[in-house]
Amino acid sequence: SEDGKTLYTSAFDLGQLRLFAIDVNSGAVSALSDKGSVAGYDVRGKTAVIAKADLGSGAQLYSTDISKITWKQLTDVNKQALADVRFGEYEQFSYAGAKGEKVYGYVMKPWNAQAGKKYPVAFIVHGGPQSSFANNWSYRWNPQTYAGAGYAVVFIDFHGSLGYGQGFTDSISQDWGGKPLVDLKLGMAAAAKQFSWVDSKNACALGASYGGYMMNWIAGNWNDGFKCIVNHAGVFDTRAMYYSTEELWFNEWENGGTYYDVPAKHEKFNPVSHVKNWKTPMLVTQGEMDF
């Protein structure tokens with residue numbers, strides 16, 4: 001802030017990416033935005049402006065008086081271009097995941113959903129893995145793409161995701177195929193139980209990067225869950241990953257050391273060790289540009 005007494009920052013928070021104010025003296029934190037994802041922001045005097053998107057819209061500009069938060073939308077980008085477009089309705093849900101801990105996810109209806117009908121599922125797993133799908137608009141893995149093609153969409157912020165406390169985020173390290181897989185299984189079951197239009201018996205799993213790793217892990221460790229799998233830039237062999245990456249710190253952090261010092265930790269969740277269990281058709285796309 002101009003008087004130096006407040007710091008403004010954005011951070012993930014329970015499936016949203018919100019703007020926060022931090023009092024420099026006390027450390028007290030207050031949320032300035034609610035649902036959606038703040039992509040950019042600026043504060044001048046008492047006026048704050050944010051660019052905020054959500055699962056139903058690309059970024060729009062909003063402004064408010066910082067002393068009495070009432071956001072006013074300033075832009076309506078693409079209004080004419082989208083006049084005849086219907087997006088899928090979406091909803092956040094939660095359930096008891098691995099270790100009984102609360103896990104959050106989202107479901108999205110097909111754009112043309114009809115009451116009483118069930119729809120095949122696009123089950124998308126995010127990359128990172130320390131990331132979040134969140135209530136955001138994406139120009140890569142956008143759930144509306146699948147809703148627009150007539151699918152129900154389910155996506156889970158499994159253990160390791162951002163916005164649920166540092167311990168939750170850190171819990172995926174050295175456990176890539178453990179708690180996250182449990183969360184995904186329980187998340188699909190919870191979505192089917194809570195939303196009658198989700199046809200979990202007719203589903204395809206999709207993911208990139210760590211999500212692609214999970215596609216390979218699912219193929220060997222949850223091989224009766226899906227009719228098909230789509231795997232983009234996924235880790236197939238953790239040993240090969242270690243000896244080919246330029247980002248050694250990442251692999252050593254995630255696996256508790258170097259491959260040659262602690263090979264068993266790298267091999268514990270190695271998809272290549274479970275290929276004998278593979279039976280689900282998989283589409284693989286690989287650009288070798290996943291940094």
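Is alanine 233 buried or exposed? Keep that in mind as we walk through this predicted model; we will come to the answer at the last stop.

**The whole chain**

Start with everything selected. The protein chain folds into seven helices and 14 strands. Its radius of gyration is 21 Å, close to the 19 Å that the globule rule gives for 291 residues, so the chain is as compact as a globular protein of that length. Turn the C-alpha trace along its principal axes and you will see a span of about 60 × 50 × 35 Å.

Now colour by burial: 46% of the 291 residues are buried. If you switch on contacts with a separation of 6 or more, 60% of them join residues 24 or more positions apart. A surface view covers about 14900 Å² of accessible area, and carbon and sulfur atoms hold 52% of that. For charges, pick out the 26 positive and 28 negative side chains; the centres of these two sets are 9 Å apart.

**A hairpin in the open**

Next, select residues 57–65, which form strand β6, and residues 68–73, which form β7. Two residues make the hairpin connection from β6 to β7. The two strands run antiparallel and are paired over three bridges. To find one bridge, show tyrosine 62 and look across to glutamine 73 in β7, its partner. Why does β7 lie largely in the open? Buried means under 20% relative accessible area, and none of the six residues of β7 is buried, so the strand lies largely in the open.

**Backbone surprises**

Most residues other than glycine have a negative phi, and most peptide bonds are trans. The next three stops are worth a look with that in mind.

- Go to the loop between β1 (6–13) and β2 (16–23), where leucine 14 sits. Leucine 14 is not a glycine, yet its phi is positive, at about 50°. Its relative accessible area of 37% makes leucine 14 partly exposed.
- Move on to the loop between β10 (119–125) and α1 (143–147), and select proline 129. The peptide bond leading into proline 129 from glycine 128 is cis, with omega near 0°.
- Finish in the loop that lies between β13 (228–232) and α5 (238–244), the place of alanine 233. Here too is a residue other than glycine with a positive phi, near 50°. And the opening question is settled: alanine 233 has a relative accessible area of 10%, so it is buried.

Notes. Residues numbered from 1 in each chain as written. Predicted model: local features only at pLDDT ≥ 70, side-chain atom pairs only at ≥ 80, totals over all residues. Heavy atoms only, no water. Buried < 20%, exposed > 50% of the residue type's maximum accessible area, 1.4 Å probe, protein only. Helix = DSSP H or I, 4+ residues; strand = E, 2+ residues; numbered from the N terminus. Pairing = 2+ DSSP bridges. Rg over C-alpha atoms; globule rule 2.2 N^0.38 Å. Contact = heavy atoms within 4.5 Å. Areas by Shrake-Rupley, 256 points an atom, 1.4 Å probe, with all protein chains shown as cover. Lys, Arg positive; Asp, Glu negative; His and termini not counted. Charge placed at Lys NZ, Arg CZ, Asp CG, Glu CD.
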